Amino acid sequence: MTRTRLPSFTFPLRGLYFFITHPKQLWLVTLSPIILTLIFSAFSIGISIRFLLPALVDKFLEWNWPHWMSWFVSIVSTILEGAILNLIFFMVLTPIFQDLVFDRTLKARGLEQIFEDEEERDDPKLVICWRNLRSSVLVTLCLIIVKILFIIVTAPLQLVPVLGTALACYISGWPTAWSQRLHYDIELRGFKVSESYHHARDYKWDYASFGSVAFGLELIPVFNIVFLWTNIVGASLWIAEEYEKEMGITKDAKKQGREVYPVAQAPSTSTEQTPLLQQQQQDA
């Protein structure tokens with residue numbers, strides 16, 4: 001029995017449900033970049049106050065600035081530099097932990113075979129590192145810039161209630177979906193960036209449908225911090241659904257613990273007769 005494939009726009013909401021019902025596998029990973037950023041913030045603030053702030057004050061005093069202005073500008077500069085460093089640190093950490101959330105979701109679905117397939121390719125380590133760098137830094141950064149541009153361009157549409165917002169989300173949906181599938185395409189599936197792009201282009205309506213809902217959820221104030229992670233879970237569930245359909249995996253097979261990789265091939269229908277069959281016909 002073949003599993004029915006759900007529409008792609010349902011997976012961001014399924015990702016939210018899966019995230020809520022699997023706290024042990026997912027919650028700690030999502031909190032880790034926040035905790036590490038707080039630790040880094042405390043460390044960087046301490047270093048800045050101990051070394052950077054006095055150095056700035058002394059430099060401004062050497063330039064004959066007023067005492068109060070030297071302290072004021074130095075404190076503001078120290079705060080801004082610390083905020084920028086913390087933001088960069090968080091932006092570097094977040095994609096790493098998003099990939100971990102993605103992988104843990106696949107494993108929670110019982111699809112460890114995806115990672116075994118990735119290990120069996122035996123690609124050179126330098127190639128893997130370069131692919132990871134391109135997907136997690138270069139391409140992802142470019143897609144983030146594209147999303148920001150789309151937000152700016154489609155900002156006037158937000159003035160139109162409901163329909164304008166829906167159209168703006170749909171326009172930004174395709175790059176949103178592609179950015180969340182890059183980890184699977186490049187690092188787990190072994191695609192080149194161009195191959196991942198062509199796949200996204202060929203299934204642009206599925207990508208746009210998923211991405212529009214995911215993008216809309218990320219526009220919700222306050223809760224968008226949570227949806228930033230649940231959309232990754234939804235993308236992983238989307239890929240899990242595709243993988244199971246491609247491999248012919250059914251829910252019954254998974255529950256019974258049967259070996260379901262790869263799909264069994266149908267018996268050959270060739271009419272070629274073996275020597276044993278010919279001998280049986282002659283005896284008859």
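1. Gly-190 has a positive phi of about 80°, and this residue comes just after helix 7. The model is a predicted one, and the backbone angle should be read in that light.

2. Helix 7 covers residues 173–188, and its length is consistent with its residue count: at 1.5 Å a residue, 16 residues should span 22 Å, and the end C-alpha atoms are 23 Å apart, which agrees. The helix nevertheless bends, by about 45°, at Arg-181.

3. Is helix 7 enclosed by the rest of the structure or not? Of its 16 residues, 15 are buried, so helix 7 is largely enclosed by the rest of the structure.

4. Next to Gly-190 in the numbering is Arg-189, in the loop between helix 7 and helix 8 (193–202). Arg-189 forms a salt bridge with Glu-246, with 3.9 Å between the closest N and O atoms. Because Glu-246 belongs to helix 10, the pair ties together parts that are 57 residues apart in sequence. Arg-189 is partly exposed, at a relative accessible area of 26%, while Glu-246 is exposed at 54%. With the cut-off for exposed at over 50%, the value of 54% puts Glu-246 in that class.

5. Helix 10 (residues 224–247) also supplies Glu-241, whose side chain meets that of Arg-14 in a salt bridge (3.8 Å, N to O). Arg-14 is in helix 1 (residues 11–21), and the pair links distant parts of the chain, 227 residues apart. Glu-241 is buried, with a relative accessible area of 5%; Arg-14 counts as partly exposed at 28%.

6. Which residue pairs with Glu-244 in a salt bridge? The partner is Arg-109, and the closest N and O atoms of the two are 2.8 Å apart. Arg-109 sits in the loop between helix 3 (67–108) and helix 4 (113–120), whereas Glu-244 is in helix 10; these distant parts of the chain are 135 residues apart. Both partners fall under the 20% cut-off for buried: Arg-109 counts as buried at 13% relative accessibility, and Glu-244 counts as buried at 1%.

7. The salt bridges described above are among the six that a search of the whole structure finds. As a general point, side chains of opposite charge can pair when their charged atoms come close.

8. The UniProt record, an unreviewed entry, places the feature "transmembrane region" at residues 26–51, 71–97 and 137–157. In the model, residues 26–51 are 100% helix and 0% strand, with the end C-alpha atoms 38 Å apart. Residues 71–97 are likewise 100% helix and 0% strand, and here the end C-alpha atoms are 39 Å apart.

9. How many helices and strands does the protein chain have? The chain has twelve helices and zero strands, and from the N terminus on each element in the run is α.

10. For the chain as a whole, 37% of the 284 residues count as buried. Among contacts with a separation of 6 or more, 72% are between residues 24 or more positions apart. The accessible surface comes to about 17,600 Å², and carbon and sulfur atoms account for 69% of this area.

Conventions:
Residues are numbered from 1 along each chain as its sequence is written. This is a predicted model: local features need pLDDT of at least 70, side-chain atom pairs count only at pLDDT 80 or more; totals for chains, interfaces and linings use all residues. Side-chain values use heavy atoms; hydrogens and water are left out. UniProt positions are given in the numbering used here, feature names are shortened, and annotations may be inferred rather than shown by experiment. Helices (H or I, at least four residues) and strands (E, at least two) are DSSP runs, numbered from the N terminus. The expected span of a helix is 1.5 Å times one less than its number of residues. The bend at a residue is the angle between axes fitted to the seven residues ending there and the seven starting there. Buried means under 20% relative accessible area, exposed over 50%, partly exposed in between (1.4 Å probe, protein chains only). A salt bridge is a side-chain nitrogen of Lys or Arg within 4 Å of a carboxyl oxygen of Asp or Glu. Contact means heavy atoms within 4.5 Å. Accessible areas come from the Shrake-Rupley method with a 1.4 Å probe; for residues, only the protein chains shown count as cover.
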